[in-house]
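Here are a few short exercises to work through with the structure open beside you. Try each task before reading its solution.

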Amino acid sequence: MTSSNAASTALKPAWAGDDLLSRLVNLLIRTKPLYALMKRQARKVLIKTAEKNGVPWRQTYAEWDASDIRDQLAAIANPTVTYPDYYQVPFHAYTEGNLCWQAAFEAESATYAMALRVWIQEELTWPEAQARLRGGFHQALTDHGPEQVRDILDIGCSVGISTLTLHQYYQQRLDHPVRTVGLDLSPHMLAIAQRRDTQQDISWRHAQAEATGFADASFDLVTLQFVAHELPRQASRAIFREALRILRPGGILALTDNDPKSAVIQNLPPVLFTLMKSTEPWSDDYYTFDIEAALQEIGFEPAVTVATDPRHRAIVARKSALD
Ligand SMILES: C[S@@+](CC[C@H](N)C(=O)[O-])C[C@H]1O[C@@H](n2cnc3c(N)ncnc32)[C@H](O)[C@@H]1O
């Protein structure tokens with residue numbers, strides 16, 4: 001693991017931002033019939049590769065589809081929640097983005113498949129890859145995170161994989177109870193998260209991360225795991241501001257996501273970065289966003305950035321103990 005304490009130099013891959021290559025890719029994506037074809041292809045390749053590596057994609061989908069999970073939607077959905085425009089665009093090849101059952105039924109498999117892609121040369125099993133992916137982030141938290149952890153908020157918790165692993169990580173290390181909340185804007189994802197939480201360890205909350213509704217200074221640790229690349233930068237900024245508000249003095253905001261500076265991201269093959277940009281509409285914004293500078297502008301202390309694996313980074317920022 002390597003770490004740096006300085007603001008980043010906003011190094012970005014050539015396929016993002018305003019470079020010629022990036023503009024060409026964007027033009028290709030805007031060409032509707034091509035876009036539809038790419039979406040279909042991306043999906044086929046994703047599922048086939050995942051299943052070849054032991055992730056039971058279609059079986060998991062069929063099990064959720066046959067279950068009574070749809071009945072849980074009304075109980076978990078907060079009727080006062082509104083959805084920002086950026087959230088209501090097609091995403092990950094789902095026309096309704098994260099606001100549909102198909103996305104929720106496939107999220108667990110997609111998460112396992114994503115971890116496998118990090119160590120493509122090593123032929124890891126999906127549980128090994130998943131453990132390594134989370135382990136890198138947890139190590140960054142141990143090295144640079146909060147000294148005291150009683151209250152944790154995992155923003156963008158999706159179906160709860162990041163939340164449950166983080167909760168277990170701290171619960172096993174600490175000799176006092178930890179209260180963990182998983183927050184997401186998709187009630188479909190949350191319904192699945194709640195069902196997967198068989199020990200009922202976690203509180204699941206349907207809200208916009210920009211306006212969580214939690215009291216000032218009520219958390220020691222706020223995490224954003226693989227969420228920032230799905231957000232336009234104004235939304236990220238608003239979420240950072242909200243995190244600063246709800247963190248206790250000395251508390252930590254930690255995010256993990258694709259590292260624009262990593263060799264893997266910089267050298268993604270054209271087919272892959274085109275597919276990625278075609279299914280993740282805020283990619284250009286994310287890969288050209290100087291997150292460390294934004295965090296400092298918003299009021300956090302200078303962040304520590306750690307390369308947690310060949311493709312991802314963790315950014316850990318502290319709220320001043322004096323606030
Ligand atoms: C890729 S998933 C996160 C995966 C999960 N944290 C993990 O590490 O396995 C991104 C999640 O962020 C959620 N999200 C995006 N924008 C949000 C917002 N403004 N407020 C709350 N959740 C949001 C999406 O609904 C989605 O479930």
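**Exercise 1.** At what angle do the axes of helix α2 and helix α11 cross, and within what distance do they come? Keep in mind that this is a predicted model.

Solution. Start by finding the two elements: α2 covers residues 32-52, and α11 covers residues 270-279. Next, look at the axes, which cross at roughly 105° and come within 10 Å. Angles from 65 to 115 degrees count as roughly perpendicular, so α2 and α11 are roughly perpendicular to each other. Then pick out the side of each helix that takes part: α2 brings Tyr35, Met38, Lys39 and Ala42, which meet Thr274, Leu275, Ser278 and Thr279 of α11. Sorted by class, the residues of this contact are 4 nonpolar, 3 polar and 1 charged.

**Exercise 2.** Describe how helix α5 packs with helix α6, and give the classes of the residues in the contact.

Solution. Locate α5 at residues 101-118 and α6 at residues 126-144. Their axes lie 8 Å apart, at an angle of about 80°. That makes α5 roughly perpendicular to α6. On the α5 side, the contact uses Tyr112, Ala115, Leu116 and Val118, while α6 supplies Trp126, Ala129, Gln130 and Leu133. The class count here is 7 nonpolar, 1 polar and no charged.

**Exercise 3.** Is Leu164 buried or exposed?

Solution. First place the residue: Leu164 sits in helix α7, residues 161-173. Now count its surroundings: 22 other C-beta atoms lie within 10 Å of Leu164. The cut-off for a buried residue is 20 or more, so Leu164 is buried. Leaving aside residues up to four places away in sequence, Leu164 touches Asp197 and Ile202. For a sense of distance, take Met38: Leu164 is 126 residues from Met38 in sequence, and their C-alpha atoms are 33 Å apart.

**Exercise 4.** How many residues surround the ligand, and which are the closest?

Solution. The count is 21 residues, and the closest are Gly156, Ser158, Ser162, Ala209 and Gln225. Broken down by class, this shell has 10 nonpolar, 8 polar and 3 charged residues.

**Exercise 5.** Sum up the fold of the whole chain: its elements, its compactness and its contacts.

Solution. Begin with the elements: the chain has 13 helices and 8 strands. The radius of gyration is 19 Å, close to the 20 Å of the globule rule for 323 residues, so the chain is as compact as a globular protein of that length. As for burial, 43% of the 323 residues count as buried. Finally, among contacts with a separation of 6 or more, 76% join residues 24 or more positions apart.

Key
Residues are numbered from 1 along each chain as its sequence is written. This is a predicted model: local features need pLDDT of at least 70, side-chain atom pairs count only at pLDDT 80 or more; totals for chains, interfaces and linings use all residues. A residue is near a molecule or strand if its C-beta atom, placed from the backbone, lies within 6 Å of it. Ala, Val, Leu, Ile, Met, Phe, Trp, Tyr, Cys and Pro count as nonpolar, Asp, Glu, Lys and Arg as charged, and the others, Gly among them, as polar. Helices (H or I, at least four residues) and strands (E, at least two) are DSSP runs, numbered from the N terminus. The radius of gyration is taken over C-alpha atoms; the globule rule is 2.2 Å times the number of residues to the power 0.38. A residue is buried if 20 or more other C-beta atoms lie within 10 Å of its own, exposed if 12 or fewer, and partly exposed in between; C-beta atoms are placed from the backbone. Two residues are in contact if their C-beta atoms, placed from the backbone, lie within 7 Å. Axes are lines fitted to C-alpha atoms, for helices over the stretch in contact, and angles run from 0 to 180 degrees between N-to-C directions. Angles under 35 degrees count as roughly parallel, over 145 as roughly antiparallel, 65 to 115 as roughly perpendicular and the rest as oblique.
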